[in-house]
Amino acid sequence: MTKTVSFGYEQVSPEEKTQRVRGVFSSVASKYDIMNDAMSGGMHRLWKDQFVRRVKPRAGEDILDMAGGTGDIAFRMEKAGANITVSDINPDMLAVGMERAVDRGIDTLVWSEQNAEKLTFPDRHFDAYTIAFGIRNVTDIPAALREAHRVLRYGGRFFCLEFSTVEWPGLSKVYDVYSHHLLPKMGKMIAGDEDSYRYLAESIRKFPPMPQFELMIRDAGFVQTKVEPILGGLVAIHSGWKV
């Protein structure tokens with residue numbers, strides 16, 4: 001039987017998902033940050049600030065920011081003096097990030113096109129691995145988590161910021177209506193792309209609940225795993241350590 005994976009609410013081959021996700025982010029790259037503001041009412045900025053505070057980047061350490069395309073997380077961490085490699089499978093997203101870095105006068109970041117499931121970096125190369133709003137778009141999530149563990153040094157830390165399952169009943173119903181009906185329309189209006197934003201909404205629904213994803217992080221070899229829900233699980237910060 002041919003293996004399939006979810007692309008939103010569709011079941012497709014792993015190869016097709018990788019290709020279609022690439023297409024989604026190539027389509028939305030130029031409007032990605034504007035749409036993030038529109039989709040979250042600007043709250044994504046606060047979530048990312050909180051995420052970076054949890055990561056605690058330090059001067060001189062090596063950090064891999066995976067799926068970091070447009071540079072949002074890297075720009076925040078760079079201020080601490082860390083050596084940051086920004087990686088993304090999508091060259092269009094990286095191009096947007098590099099352009100933004102030039103506009104900000106930031107020339108200390110390394111930009112690298114990478115597949116999270118098959119990183120080209122050597123073992124035990126980084127002190128921290130971060131991924132924000134990217135893991136749910138990976139075709140083989142367990143493979144990406146194993147790669148995160150592989151490239152981290154002993155004592156290294158893994159941090160993931162991702163949409164999750166809303167556990168507040170009232171908010172859950174409102175969010176369902178918003179994500180399935182309003183979000184695609186906003187995508188059409190702002191980015192001229194309804195289908196990509198419909199996929200993004202569906203991908204959130206298909207992502208494992210917080211306890212299940214924490215177990216996946218542990219299965220990859222991480223210990224002292226922790227989940228920090230924000231807004232009742234609308235988003236969550238997951239973390240773990242390599243020892």
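**View 1. Aspartate 62 and its partners in strands β7 and β4.** At 21% relative accessibility, aspartate 62 falls in the partly exposed class (buried is under 20% relative accessible area, exposed over 50%, and partly exposed in between, with a 1.4 Å probe and protein chains only). Before we look further, please note that this is a predicted model, in which local features need pLDDT of at least 70 and side-chain atom pairs count only at pLDDT 80 or more, while totals for chains, interfaces and linings use all residues. Residues are numbered from 1 along each chain as its sequence is written, and side-chain values use heavy atoms, with hydrogens and water left out. The side chain of aspartate 62 forms a salt bridge with that of arginine 153, at 3.1 Å from N to O (a salt bridge is a side-chain nitrogen of Lys or Arg within 4 Å of a carboxyl oxygen of Asp or Glu). Aspartate 62 belongs to strand β3 and arginine 153 to strand β7 (residues 152–163), so this pair ties together parts 91 residues apart in sequence. Helices (H or I, at least four residues) and strands (E, at least two) are DSSP runs, numbered from the N terminus. Arginine 153 is partly exposed too, with a relative accessible area of 26%. On the β4 side, the bridge partner of aspartate 62 is asparagine 83.

**View 2. Strand β4 and its two parallel neighbours.** Of the 6 residues of β4 (residues 83–88), 5 are buried, so the strand is largely enclosed by the rest of the structure. With β3 (residues 62–66), β4 pairs in the parallel sense over 5 bridges; pairing requires that DSSP finds at least two bridges between the strands. Strand β5 (residues 110–113) also runs parallel to β4, joined by 4 bridges, and here aspartate 88 stands opposite glutamate 113. Follow the chain and you meet a right-handed β-α-β unit made by β3, helix α4 (residues 72–78) and β4. Another right-handed unit consists of β4, helix α5 (residues 91–104) and β5. Right-handed here means that, with the strands pointing away from the viewer, the path from the first strand over the helix to the second runs clockwise.

**View 3. A buried salt-bridge pair, arginine 136 and glutamate 162.** The side chains of these two residues, arginine 136 and glutamate 162, meet at 2.8 Å, N to O. Arginine 136 sits in the loop between β6 (126–132) and α6 (141–151), and glutamate 162 in strand β7, so the salt bridge ties together parts 26 residues apart in sequence. Arginine 136 is buried at 8% relative accessible area, and glutamate 162 is buried at 1%.

**View 4. A salt-bridge network at helix α1.** Glu10, Glu16 and Arg20 are linked in a network of salt bridges. Within this network, the closest N and O atoms of arginine 20 and glutamate 16 are 3.0 Å apart. Both residues lie in helix α1 (residues 14–28), 4 residues apart, or about one turn of the helix. Arginine 20 is partly exposed at 28%, as is glutamate 16 at 32%. A search of the whole structure finds 14 salt bridges.

**View 5. Lysine 56 in the loop between α3 and β3.** Lysine 56, in this loop, is exposed, with a relative accessible area of 53%. Leaving aside residues up to four places away in sequence, lysine 56 touches Glu61 and Arg157 (contact means heavy atoms within 4.5 Å). Its C-alpha lies 8.6 Å from that of alanine 80, 24 residues away in sequence.
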